[in-house]
Amino acid sequence: MAGALKVAVVGIGQRGLQHLKSIVSLQVDEEVQLVALADPFEENLAETKIQGYVPDYKRGSTQLFTDVDEMVDTAKPDAVWFVMPPNQHRGEIERTVAKGVHIFAEKPQSLFYDEIKSQADAIDKAGVASVVGFQKRYDPWYTAIHDYMADKQLASAMAVSLGSVEGHSAKHSPTERQGGPKNRVWTANRAWSGTSMVEAGIHQTDQIRYWVSDDVEWVQAAYVDRPEDLQETQGDNPTAYTVVYGFKRGGIANIIFTKPARSYYNEKIEYIHTPEAHIAFEDDLAVYSYGGSDYPPASRPTREQLRTVLAEGPETNPMGPNSTMEISRQFARSISESDPSLRRNSFRSSMNSLAAVLAANVSDSLGGIRIDIDEFENSDKFAEYRQRPEGL
Ligand SMILES: NC(=O)c1ccc[n+]([C@@H]2O[C@H](COP(=O)([O-])OP(=O)(O)OC[C@H]3O[C@@H](n4cnc5c(N)ncnc54)[C@H](O)[C@@H]3O)[C@@H](O)[C@H]2O)c1
């Protein structure tokens, strides 16, 4: 491709600003040229506001729009980063790809499976490149697990996220003007976030899919609702989530989320094991497995005999700025160099992660029944759960 890739961003909020930081830095390296920004709320396009988050941003020749279609027609970007709230999509992705524009879609791509199918079909029909914002796939430790597991069988994996309910809004959508929560904390609101399992748990879901290069086959979930008298101030998302997944090639995974108010506590617990090895997140990423041909050995092996370092520590934040930069860099390069192998997912391949978390909600609402993901995606039985509710 001649010259830097012309890129644009839609939705200049919390995540859009993080992407902008990566894009501004990629622009210095002449990998991309930022041609346009779009946001329906002009205040989010102001140079001084953006510079509060992205100090190196200078508007320069970047064009600003409040309408996505006008942006695509006027600025003619090669690729667009869609970073808007997931319940706000109204066919923008479909119309953009029909003009031959490549797509970076933030997760969750929408909250309604029928709309995701429509987006995926439009992307495939247009034949454009796509990636979904699962930056953990670019994390060195998670990639080491993915490589280690390439020829192994999953027994079980666990991703526990002990957290607290979102209290102060870091968000930039003026939801009080959009029929949403008055306090802008849309991640604590079910109609906007689809529950924390959808908004946040989709990352853990996708990370385990990446670890094992597999798809979720079924899901069972049970949540604990937030007490009604606390919902006015803390949002109406559940306070606890337990989700079990079965994978197509075997093995199970557990995802646990806690979201109490007032605790301000954060901890992450993760592991994965095969029938003959356990991977532990320690100071280094380590695998414990006895490799001797005399198994079982006469005496218990020492830690040193069992432990192999898969990746050296310290662990970087798999959600953080490094992997966020890397997913954008590789996406841009994959287009400039016509090399799809640089993309670690596509819109289509990411649909299983979204179907799994949407089906987890349905499982909980139906008393914890096991839901087959293929049935959730295709059967009439679940049609009502795939649609955007009237009035939203
Ligand atoms: N991958 C990650 O780690 C990660 C992190 C945070 C957020 N996200 C995702 O990014 C998306 C945006 O979240 P956020 O945290 O930036 O929210 P936000 O509310 O801070 O920002 C959203 C931006 O989109 C704009 N917007 C609102 N309605 C719009 C519309 N109809 N069309 C275009 N723009 C619109 C808002 O004005 C705002 O500037 C969500 O899907 C969220 O789940 C991903």
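Let's start at the ligand: 26 residues surround it, and Gly11, Gly13, Gln14, Arg15 and Ser173 come nearest. Keep in mind that this is a predicted model.

What kinds of residues make up the shell around the ligand, by class? There are 10 nonpolar, 10 polar and six charged ones. Helix α1, which spans residues 14-28, gives the largest share of that shell, with three residues. The shell also draws on two domains: at least three residues come from domain 1 (5-134 + 321-346), and at least three from domain 2 (154-274 + 352-386).

Now for the sheet. Nine strands build an open sheet with mixed pairing, and if you walk across it you meet β14-β13-β12-β11-β7-β10-β9-β8-β15 in that order. Why do β14 (307-311) and β15 (371-372) each have one side without a neighbour in the sheet? They stand at the edges with a single partner strand each, so there is nothing in the sheet on the other side.

Zoom in on one pair: β8 (residues 216-224) and β9 (residues 240-247) run antiparallel and are joined over eight bridges. Within this pairing, Gln220 sits opposite Val244 in β9.

Two helices lie across strands of the sheet, and here is how they are placed:

| Helix | Residues | Lies across | Angle |
|---|---|---|---|
| α9 | 201-212 | β7 (156-162), β8, β9, β10 (252-258), β11 (267-274) | about 155 degrees to β7 |
| α13 | 351-365 | β8, β9, β15 | about 45 degrees to β8 |

So try finding β8 and β9 in the structure: helix α9 lies across both, and helix α13 does too.

Notes. Residues are numbered from 1 along each chain as its sequence is written. This is a predicted model: local features need pLDDT of at least 70, side-chain atom pairs count only at pLDDT 80 or more; totals for chains, interfaces and linings use all residues. Two strands pair if DSSP finds at least two bridges between them. Helices (H or I, at least four residues) and strands (E, at least two) are DSSP runs, numbered from the N terminus. Two residues are in contact if their C-beta atoms, placed from the backbone, lie within 7 Å. Axes are lines fitted to C-alpha atoms, for helices over the stretch in contact, and angles run from 0 to 180 degrees between N-to-C directions. A residue is near a molecule or strand if its C-beta atom, placed from the backbone, lies within 6 Å of it. Ala, Val, Leu, Ile, Met, Phe, Trp, Tyr, Cys and Pro count as nonpolar, Asp, Glu, Lys and Arg as charged, and the others, Gly among them, as polar. Domain bounds come from an automatic or database domain assignment.
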